[in-house]
Amino acid sequence: MTTLDVIQVVLFFVLLIALTPVLGKYMSKVFTGEKHVMLPVAGWLERLAYRFSGIDPEEGTNWKTYTFSLLVFNLAGFIFVFLIQLVQAHLPLNPAHLANVSWDSAFNTSVSFMTNTNWQGYAGETTLSYFVQMMGLTVQNFVSAATGIAVLMALIRGIAGRNAQNLGNFRTDLTRATLYVLLPLSILFAIILTGQGVVQNFKHYETVQTLQGAKQVIPMGPAASQIAIKQLGTNGGGFFNANSAHPFENPTPFSNFLEMLAILLIPAGLTYTYGKMVGSTRQGWTIFTVMLILLLAGLGISLYGEYASNAVYGHLALLEGKETRFGITNSVLWSTITTAASNGSVNAMHDSLTPLTGMIAMINLMLGEIIFGGVGAGLYGMVIFIILTVFIAGLMVGRTPEYLGKKIEAFEVQMAIIAVLAPNFIILVFTAWASVSPAGLQGLNNAGPHGFSEILYAYSSAAGNNGSAFAGLNANTVFYNLTLGLGMLVGRFGIILPVMAIAGSMVKKKITPLSSGTFRTDNGLFIGLLIAVILIVGGLTHFPALSLGPVVEHLLMNHGITF
Amino acid sequence: MNIKSNTGLFNKKILFQASRASFAKLHPALLVKNPVIFIVAIGSVLTTVIVFAGIFQGNFSSFNFQIAIWLWFTVLFANFSEAIAEGRGKAQAESLRKNRTQTKARRMAGALEVSVLATDLKKGDIVVCETGDVIPSDGEVVEGIASVDESAITGESAPVIRESGGDRSAVTGGTMVISDRILIRITADQGNTFIDRMIALVEGARRQKTPNEIALSILLSGLSIIFLLAVATLPAFFGYSLAASGLPASQNLTIPVLIALLVCLIPTTIGGLLSAIGISGMDRLIQRNVIATSGRAIEAAGDVDVLLLDKTGTITLGNRMANDFIPVEGVTAEELADAAQLSSLSDETPEGRSIVILAKEKFNIRGREVHQINATFIPFTAQSRMSGVDLKAGDGGVHKIRKGSSEAIRTFVQNNNGFYPHDIQTVVSDLARQGATPLVVAEDSRVLGVIHLKDIVKGGIKQRFSELRQMGIKTVMITGDNALTAAAIAAEAGVDDFMAEATPEDKLRRIREEQAKGHLVGMIGDGTNDAPALAQADIGIAMNTGTQAAREAGNMVDLDSNPTKLIEVVEVGKQLLMTRGALTTFSIANDVAKYFAIIPAIAISLYGGKNGVGPLSVLNVMNLGSPQSAILSAVIFNAIIIVLLIPLALKGVRYRPVSANAALTRNLLIFGLGGLVAPFIGIKIIDLIINM
């Protein structure tokens, strides 16, 4: 690593830490209904939206109503995106005359964007029209992220409320998340990106003459607007197939830096919002610290994996499949961040990462996307682990475990276990199925443990709602489209439903006042404990699979064998 | 109950019975109650079937056989831990129950007496008990007074008085009347008496799981399912990897090995010991002579963070003692002491006696017989609020000496046309402020002075309260004294808060207020008027000497009727929860080492080439002898650790009154870190022994 690399990494984290309370405080104002800077600018839009749809923004709902609204809304989004893909040839804004999408791919894509996964079994520029990209995918980029935030808000109200029923109102949370958080940041970011050279137009694909005299078709389109939200909303679905490795998506080192920052910006800020709304910013910073430590540890191992000498190439920079414009450090930093947050956009092919770096990416996915994680989703996933930690270790202080004054009892434990079980079930069972069935093995481009890693990565990515891929796998088959689609659904709603149930159960409980007999969840000891539980409960499940994938590949590489 | 006499962990008889019970508990209907151990049992059966199938096919696998044996041991050890925990309390309770079922009861049918079996009694029946009769069931004395030997329950040999009305009317089945005759109304149906409930709490099969235990069981089952998935998908992962390494099906990935891996990964340690921990927690309570009416109560005890404590008996010794004589101007201290002693000669209350003694000690005034000095004793009544003597004087007149509260004596002297001096009022309020009780002494119209009665705060109680504070428990002193007195004693004893001039209604209100703020409240009480508060409190301990109403209202009964018991009960509750948490942490932390033992063992040949040793052998960090010995060592460690931890499960983790953070740090170091490291060492040692 060069000094410049180091400075850049340090600068990245300093900026992230500095921006967390700024955005966090703003978001807590948005969701608690306090006055904030965007009200004079966009408040009329919010009021108009409520009047237009006849919503009472102050109406409180219980967890069942809240969840029902959420499910209906998501289902409607899914159906819309699914249908417009099937008939895109007959719809406007299709200058490249792209054909209708196959049903399995359409299913996969609409699930993928509804669940904030943005797994792309297709290549954007050769499959989807501008209309589908904008009206379907970009819209889902916003509302899927807003859905994640809404679930988190309901959970926070569940934790902070006492003896109540009211978790707030899904429609209000969704509107505010979109209008005051995602839209303003996206507009700002899109403008900056356009300034850096990201395309934003409705032109036909350009055909140009290369220096060698060959003809090349250069795709165009409204990319900047989608890229802004794909990063900010931890969606990750690229406008072009090469995602953020494409010069029109990510033209300069500066845009690269900003796009990385955008991935973590809202998930990090939400930890502060969380602390603020549960009444102790220390609680928020504790969670932030846990996430940061796990992220830095992963980054450290990844950098080691790329820069350490290896038996095959010695000290050579391993640039195959990586972004030569940005170098190794930026590729590795991106791969760590994009898998830690459930973003999934890439600026290098994860297939080309060294085994150790690839393993860290996979572990990030397998832990359930809780290291900052998806917008809202990462934090509510983390709260699941907090509940487990509090329950296991909290007993050791001699009281019924409690978190922020709320007792953790059988129901919460049951729901937490379901939330942990759901994505793990997908990863383990589907990987097992794919790794022995002809339909699964057909998609492999690589042999040996690397091929296994490709399958394992795909299902981890789906279950974690990440969306990135070990690119070697050809996943646009009926088998992969359906199993991955199902995986994304379970990975999303298999966690949202238990989380909402927990919120509904917690909100009814009374709050035990803090005393010296209380199990503290805002100190160094708890940080250590939480990390241990995440690694043991979340990670040990996958120890066998990881040993057979990246671990053995790494060991073989040290013996000079590659795949 | 005399359980104290046989609490030794390794009592031969209990060990023997428990060993037998371990096999009896193999019944599937009993095993299924413990999901984790049930999974192990299924694994044991499967492995056994495979071993036998192998024998019939003519290739006996000694390795599979050993795995099967140790899996069975795992199940048996778990059963054994439960059996031994039960054994400690059950034997006594059982003999008590047997004793009672053979008892004949003399039921009253109108005026007639009918002899029936104790087991046939119903709630509301009236029975009669005379000298030598065993009381057939729980009930309330409705007529008469008797002394009762309750040693069968309390272990206390001194008989106690039980009488109708008042606060000492409850009797317990199995105790014996040793004098007089009482009529008892039966208050418990068969199967629901005190002793029945007690047995139910310590008997594994009948025991209801407590809320926290249920939550923990769910966690353990959930973890088991996750690991079941991890193990069940392993053959597919291996299938791919074997094909990729060009190897035939693995020798090391047989069903017994998969079962062994599963059993090692699922939390068998805590799963096996969970029941024993619960039972022995209850048992520790019984050893302290406290009977809980439900398992739920003991957990709630650990959560209690506000304790309402009666001043008398808990914080102070039961009685106030005379400490000083403070005369008014013009009266000597000796004069005052003499009058005070005269007024108290026939006063049998501890306060009265302490006055006589103090006068003797200070001024060498000897006690006199009341009748020798022509005196009539005037006892204390609620109306007069004074006591004293009427002395016949030489002139035929009568001198009235009285002692009593300031107000009562003021009325008394003013009625005798006397004058109540102002400086007395100052002395009285000074004393009250110090937490003392002033008793004013007067002779006819003249006030002589004040007796300083002092509450004696129990030794060590201040230390106890500061420990409670460290544990985050707030103490509230309840007293009928006025606010001044109460404040002084509260300060001396170091309680956090006090309630002066508290009525039972005040107590109830205070409990509701604390609960509304989110606190869990514990209290101890005896009288019928305590019953509503006992019922409202999260932990209500009724004293055994109390009324049946109080005993029904509370969720625990203290057989010793010792108010300090509340604090011990809280400690038992905390210890129970801590033990559960500690062993859960230990159990989960163990998994790391077991992975490092088994995964390299089964994956050793992958991508190995000629010599059959593949790159994954580097994961064999413990350098275990062979794949088979590695797997076997992990299984053996997993089984033996259950036995090794039985004493800990029964005794509970060491309890210290420290803050939550200190307790957590300590337990984490021992059980978290210990849980990570211990299996690495243990498995290595077992492996060395196997390969010797």
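Here is a short chat about a few helices and strands in this predicted model.

User: Let's start with chain A. At what angle do helix α1 and helix α10 of chain A pack?
Analyst: The angle is about 165°, and the axes of α1(A), residues 3-32, and α10(A), residues 281-307, are 13 Å apart. Angles over 145 degrees count as roughly antiparallel, so that's what these two helices are to each other.

User: Which residues make the contact?
Analyst: From α1(A), they are A:Asp5, A:Val9, A:Phe13, A:Ile17, A:Thr20 and A:Pro21. On the α10(A) side you'll find A:Trp285, A:Phe288, A:Leu292, A:Leu295, A:Leu296, A:Leu299 and A:Tyr307.

User: How does that contact split into nonpolar, polar and charged residues?
Analyst: There are 11 nonpolar, 1 polar and 1 charged.

User: Switching to chain B. How many residues of helix α11 are buried?
Analyst: In α11(B), residues 295-303, 8 of the 9 are buried, so the rest of the structure largely encloses this helix. Among the buried ones are B:Ile298, B:Glu299 and B:Asp303.

User: And strand β19 of chain B, is it mostly covered or mostly open?
Analyst: Mostly covered: 5 of its 5 residues, 521-525, are buried. B:Val521, B:Met523 and B:Gly525 point one way, while B:Gly522 and B:Ile524 point the other way.

User: Which strands does β19(B) pair with?
Analyst: One is β10(B), residues 306-310, which runs parallel to β19(B) and is joined to it by 3 bridges. There, B:Val306 sits opposite B:Val521. Another is β20(B), residues 539-543, also parallel, over 4 bridges. In that pairing B:Met523 faces B:Gly540.

Methods
Residues numbered from 1 in each chain as written. Chains lettered and ligands numbered in written order. Predicted model: local features only at pLDDT ≥ 70, side-chain atom pairs only at ≥ 80, totals over all residues. Heavy atoms only, no water. Buried < 20%, exposed > 50% of the residue type's maximum accessible area, 1.4 Å probe, protein only. Axes fitted to C-alpha atoms, helices over the stretch in contact; angles between N-to-C directions. Parallel < 35°, antiparallel > 145°, perpendicular 65-115°, else oblique. Contact = heavy atoms within 4.5 Å. Nonpolar A, V, L, I, M, F, W, Y, C, P; charged D, E, K, R; others polar. Pairing = 2+ DSSP bridges.
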